[in-house]
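The following exercises are to be worked through with the sequence and the three-dimensional model at hand. Each task is followed by a solution in steps.

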Amino acid sequence: MPTPCRAACKNEAGICSGCHRTMEELAEWRQMDEDKRASKMEQLTGTLSTHCCPNCGESAFCDISAGKDTCWCFELEKRDASSLDKTAGCLCRKCLAALPVE
Ligand SMILES: [Zn+2]
């Protein structure tokens, strides 16, 4: 089974600091069908993206932009994004995980 796990898993207030999956994605990983897992892998690696992260410029993926009702970022503990321009768009998983928890 393909996995983005780099054996550096640490729960960083809802997101893994190693592979940047949310805790729910980690828990669901084995139950996901192959298509869903492949698409999630592409989102994690940046192959599949909806926009560029306004902080680092890397590929980022927003589930809402992709047409879903919820986003992976809803599962995270709320981050303090007061230092950022919120109109610039969603952060990538790496940048969001690095923000201090509110
Ligand atoms: Zn970023």
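## Exercise 1: Overall architecture

Of the contacts in the protein that link residues at least 6 apart in sequence, 42% join residues at least 24 apart. The model is a predicted one.

**Task.** Determine which order the helices and strands follow from the N terminus on, and assess how the radius of gyration of the protein relates to that of a compact globule.

**Solution.**

Step 1. The protein contains 3 helices and 4 strands. Read from the N terminus, these elements run β-β-α-α-β-β-α.

Step 2. A compact globule of 102 residues would have a radius of gyration near 13 Å, and the protein agrees with this, having 13 Å. The C-alpha trace spans about 40 × 25 × 25 Å along its principal axes.

Step 3. Of the 102 residues, 33% are buried. The accessible surface of the protein is about 6,200 Å², and carbon and sulfur atoms account for 50% of that surface.

## Exercise 2: The zinc site

**Task.** Identify which protein atoms are the donors of the zinc ion, and establish which arrangement the angles at the zinc ion produce.

**Solution.**

Step 1. The protein donors are the SG atoms of Cys53, Cys56, Cys92 and Cys95, at 2.2 to 2.3 Å from the zinc ion.

Step 2. Angles subtended by the 4 donor atoms around the zinc ion range from 106 to 115°. The criterion for a tetrahedral site with four donors is that all angles lie between 85 and 135 degrees. The arrangement is therefore tetrahedral.

Step 3. Along the chain, the donors of the zinc ion show the spacing C-x2-C-x35-C-x2-C. Cys56 belongs to the loop between β3 (51–52) and β4 (59–60), whereas Cys95 belongs to helix α3 (residues 93–98), so this pair ties together parts that are 39 residues apart in sequence.

Step 4. The accessibility of three donors may now be considered. Cys56 is partly exposed, at 37% relative accessibility. Cys95 is buried, with a relative accessible area of 12%, and Cys92 is buried at 7%.

## Exercise 3: Cysteines and disulfides

**Task.** State how many disulfides the structure holds, and explain why Cys90 is not bonded to the closest cysteine sulfur.

**Solution.**

Step 1. A disulfide is a covalent bond between the sulfur atoms of two cysteines. The cut-off applied to such a pair is a sulfur separation within 2.5 Å.

Step 2. For Cys90, the closest cysteine sulfur is that of Cys62, at 4.0 Å, which is too far for a bond. The structure holds 0 disulfides.

Step 3. Cys90 itself is partly exposed, its relative accessible area being 34%.

## Exercise 4: Positive phi angles

**Task.** For Ala13 and His20, give the phi value, and decide whether each residue is buried or exposed.

**Solution.**

Step 1. Ala13 has a phi near 50°, a positive value in a residue other than glycine. Ala13 lies in the loop between β1 (11–12) and β2 (15–16). With a relative accessibility of 17%, Ala13 falls under the 20% limit and counts as buried.

Step 2. His20, also a residue other than glycine, has a positive phi near 65°. His20 is placed in the loop between β2 and α1 (23–28), and counts as buried at 11% relative accessibility.

## Exercise 5: Three loop residues

**Task.** Describe where Thr22, Phe74 and Glu58 are placed, and which residues each one touches, not counting residues up to four places away in sequence.

**Solution.**

Step 1. Thr22 is in the loop between β2 and α1. Its relative accessibility of 0% makes Thr22 buried. Beyond four places in sequence, Thr22 touches Gly14, Ile15, Trp72, Glu75, Leu76 and Arg93.

Step 2. Phe74 is in the loop between β4 and α3 and is exposed, with a relative accessible area of 51%. Under the same exclusion of residues up to four places away, Phe74 touches Ile64 and Asp69. Phe74 and Met41 are 33 residues apart along the chain, and their C-alpha atoms are separated by 19 Å.

Step 3. Glu58 is in the loop between β3 and β4 and counts as exposed at 52% relative accessibility. Not counting residues up to four places away in sequence, Glu58 touches His51, Cys52 and Cys53; of these, Cys53 is a donor of the zinc ion. Another donor, Cys92, is 34 residues from Glu58 in sequence and 7.2 Å from Glu58 in space, C-alpha to C-alpha.

How values were computed. Residues numbered from 1 in each chain as written. Predicted model: local features only at pLDDT ≥ 70, side-chain atom pairs only at ≥ 80, totals over all residues. Heavy atoms only, no water. Donors = N, O, S within 2.8 Å, 3.2 Å for Na, K, Ca; no water. Tetrahedral: all angles 85-135°; square planar, octahedral: opposite > 155°, others 65-115°. Helix = DSSP H or I, 4+ residues; strand = E, 2+ residues; numbered from the N terminus. Buried < 20%, exposed > 50% of the residue type's maximum accessible area, 1.4 Å probe, protein only. Rg over C-alpha atoms; globule rule 2.2 N^0.38 Å. Contact = heavy atoms within 4.5 Å. Areas by Shrake-Rupley, 256 points an atom, 1.4 Å probe, with all protein chains shown as cover.
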